[in-house]
Structures are given as structure tokens and as C-alpha cells.
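Ready to practise reading a protein model? Grab a pencil, look at the picture, and try each exercise before you read its solution.

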Amino acid sequence: MALVTTTEMFKKAYDGGYAVGAFNVNNMEIVQGITEAAGELNSPVILQVSKGARKYANHTYLVKLVEAAVEENPDIPMALHLDHGDSFETCKSCIDGGFTSVMIDCSSMPFEDNVRITKQVVDYAHDHGVVVEAELGTLAGVEDEVSVEHGSESYTHPDEVEEFVTRTGCDSLAIAIGTSHGAYKFKASQCTRNEEGILVPPPLRFDVLEECIKRIPGFPIVLHGSSSVPQEFVKIVNQYGGNMPDAIGIPEAELRHAAELAVCKINIDSDIRLAMTATIRQYMAEHPDHFDPRQYLKPARQAVKDMVAHKLQNVLGSAGKA
Ligand SMILES: [Zn+2]
């Protein structure tokens, strides 16, 4: 199977009450960890590339790594997606360069500008057999080159979604219901603390999601910023010389619930970073004499694979759905 678009994936996910995981890729070990998990669990998967990833690893290297993963896992539906395209030009270069899906993110612009640029990307993408994700509402947090201060985020207005989807012709819509980019998703003042002193985030706004679903029934919805920042990994990082105080994410049970509704794509990046970094920190501390990068990248790749396998089975519900 060659790379596919997300059209069929999302249709099956919507009807089946699960979501497809969109995992960010930046190097070979991450691509291998994600796709080996998807292959073993027979799950569809979206590999997504941010502007920062293209800057770090180079567009061609990333596309070739993903092509290798497709060849190694011929029975797994895989899409290659641009995460947070910031202009028509960025989207066009990915459409021309082998991606099967792009996101145009003009969510911080006025509504009419968002409609106009999204429509321009949709027209070009659809002419080339590529699908488009757009966004309404803004998430707090930091992800590569996307940065919104806490307090400046805004939930999606459900009364805008139908007009936006109709006028732009986009294929899926990212909405803001309280998820957030990065490993520090909430300020302590937004949260409560449990008995162990760990922050408990405010719940997602399922009322906003339900309202959006009513306006655009059957239409695939996307959640960004949906890492859960598992505390066992934060603990390992901090135990082995790191310093990540009050890193928290979105509870997995809330994501599972969203996946049962109209949410067809859930973006997970920070959890992969966290799993790799925790594993490498621990390995370095326990093997101070090792200096071959393969020695610590091998368990790091395994940690990515284990993390993704857990998400596919227990959070997204996409295992066995390839
Ligand atoms: Zn995002």
C-alpha cells in the first residue's frame, strides 16, 4: 500500500467510535518506533511533520523515512501530514512534495482571512488528491513555532463551524476545547492538586464539542495538544538530572471519550519526546561509560514504540482497525 489520504481512515474511525493517532516524526528512530507499533497492532496511523521538523531533518529525509516505513508495513494505512502549515506556500510545497494531507492553520487570524486562505489551500490540495485540515479557535501552549500564551487561547465558537466548513471545503476541522500544546499544558492556578501534589487539569469542554458535532454531523473533528504527559516519565526525567516541574497533560480517559464521539484524529507529540528523553536520561546515568549512540537510541526507540502501542490500544481505540 502506498501512502493514503485520511478520507477513508476518518470515515471508518467516525463510524467505529475510535480515533486515528497523529504522531510527530523528526528522525528515523521515531518513525520506526511509531510504525512498528502500528504494524504489530494492525492500526492505521498518521505521521505528521511540523515546520520545525522540516527545518531540523529536511523535507526529503523525512519523506524518504516515511516511504521506508510504508514499504516495511505494506498492510498498514499510513498518511503523511503537514502539521500547522502557516501559509499557502508551505502547504503547496508539501502537496508538491509527496504529502497526502496538510493542515493550514490560520486560526489566529480573523475569520474571513482564515476562510480565504484555507479555501485557497483546499482548492490546490484537492486538485492534487490531497486532503486539508483547518482550525477554528486557538489552543494555549507551545509547539515548535506555534506559541500562544496561557490566557490568550479561545474555545471554538460552535456557531462558526458550519459556515467555515461549507465555505472552505476543508476535509477535517481542528477545534479548541481545552487541550493545549506542549508538556506544560496548564498553569498551576488553572488546576487543583491531588493527594500526591500532582496538578489535576480542568476538564475538557465536551459541551463545546457536542455543540460542534450538532452543527456538522458526520464531519471529522481533530484534537491538537493531546499528550497526557504520563507522570511516571516525568518522574524518571526528574530523577535522572532533568527538571520538569508541574508538567501535566490531558487525562487519557477524556481522550478516549472524545475518540468515541466525532473526534477522528488525535495529535500526540510531547509524550513521544518525553518517553525518549526519560529513557535516554536513565540510560546515560546507568551506563556512564557508553558512548555509542546506538546503545541509548535503541531503548529510546523501544520507548517510543511502547508509548504508541499503549495509545493505539488504550486511548485511541484504533488497534486492529487497519
Ligand atoms: Zn497542534
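Below are five exercises, each with a solution in steps.

This is a predicted model, in which local features need pLDDT of at least 70 and side-chain atom pairs count only at pLDDT 80 or more, while totals for chains, interfaces and linings use all residues. Residues are numbered from 1 along each chain as its sequence is written, and side-chain values use heavy atoms, with hydrogens and water left out.

**Exercise 1. The barrel**

Task: Find the order in which the 8 strands close into a barrel, and work out how they pair.

Solution:
- Step 1: Start with the terms. Helices (H or I, at least four residues) and strands (E, at least two) are DSSP runs, numbered from the N terminus. Two strands pair if DSSP finds at least two bridges between them.
- Step 2: Follow the strands around. The order is 1-2-3-4-5-8-12-13, and the pairing is parallel.
- Step 3: Add the twist. On average, neighbouring strands of this sheet are turned by 25° against each other, direction ignored. Here axes are lines fitted to C-alpha atoms, for helices over the stretch in contact, and angles run from 0 to 180 degrees between N-to-C directions.
- Step 4: Look at what packs on the sheet. Helix 6 (residues 111-127) touches strand 4 (101-104) and strand 5 (131-136), and its direction makes about 170° with that of strand 5. Touching, or contact, means heavy atoms within 4.5 Å. Helix 10 also packs on the sheet, where it touches strand 12 and strand 13, with a direction about 145° from that of strand 13.

**Exercise 2. Strand 13 and its partners**

Task: Work out how many bridges join strand 1 to strand 13, and how many join strand 12 to strand 13.

Solution:
- Step 1: Strand 1 (residues 20-24) runs parallel to strand 13, with 4 bridges between them. Alanine 22 is opposite asparagine 267 of strand 13, and phenylalanine 23 has isoleucine 268 as its bridge partner.
- Step 2: Strand 12 is also parallel to strand 13, and 3 bridges join them. In this pair, isoleucine 221 faces valine 263 of strand 13.
- Step 3: Check the surroundings. Strand 13 is largely enclosed by the rest of the structure, because 6 of its 6 residues are buried. Buried means under 20% relative accessible area, exposed over 50%, and partly exposed in between (1.4 Å probe, protein chains only).

**Exercise 3. One side of a helix**

Task: For helix 7, find which residues are buried and which are exposed.

Solution:
- Step 1: The buried residues are Pro158, Val161, Phe164, Val165 and Thr168. They share one side of helix 7, because they cover an arc of only 95° around the axis. The arc is that of the directions from the helix axis to the C-beta atoms.
- Step 2: On the other side of helix 7, Asp159 and Thr166 are exposed.
- Step 3: Ask what does the covering. The cover over the buried residues of helix 7 includes helix 6, strand 5, strand 8 and helix 8.
- Step 4: Look just past the end. Glycine 169, just after helix 7, has a positive phi of about 75°.
- Step 5: Try the idea on helix 8 (residues 206-215), where Phe206, Val208, Leu209, Cys212 and Ile213 are buried. These lie on the same side of helix 8, because their arc around the axis is only 155°.

**Exercise 4. Two helices crossing**

Task: Decide how helix 10 is oriented against helix 12: parallel or perpendicular?

Solution:
- Step 1: The axes of helix 10 and helix 12 (residues 293-316) come within 9 Å and cross at roughly 65°.
- Step 2: Helix 10 is therefore roughly perpendicular to helix 12. Angles under 35 degrees count as roughly parallel, over 145 as roughly antiparallel, 65 to 115 as roughly perpendicular and the rest as oblique.
- Step 3: Glu252, Leu255, Arg256 and Ala259 of helix 10 meet His310, Lys311, Asn314, Val315 and Leu316 of helix 12.

**Exercise 5. The open sheet**

Task: Find which strands are at the edges of the open sheet.

Solution:
- Step 1: This sheet has 3 strands in the order 7-6-9, with mixed pairing.
- Step 2: The edges are strand 7 (146-148) and strand 9 (180-181), each of which pairs on one side only.
- Step 3: Strand 6 (residues 140-143) is antiparallel to strand 7, over 3 bridges, but parallel to strand 9, over 2 bridges. In the parallel pair, glycine 141 is opposite histidine 181 of strand 9.
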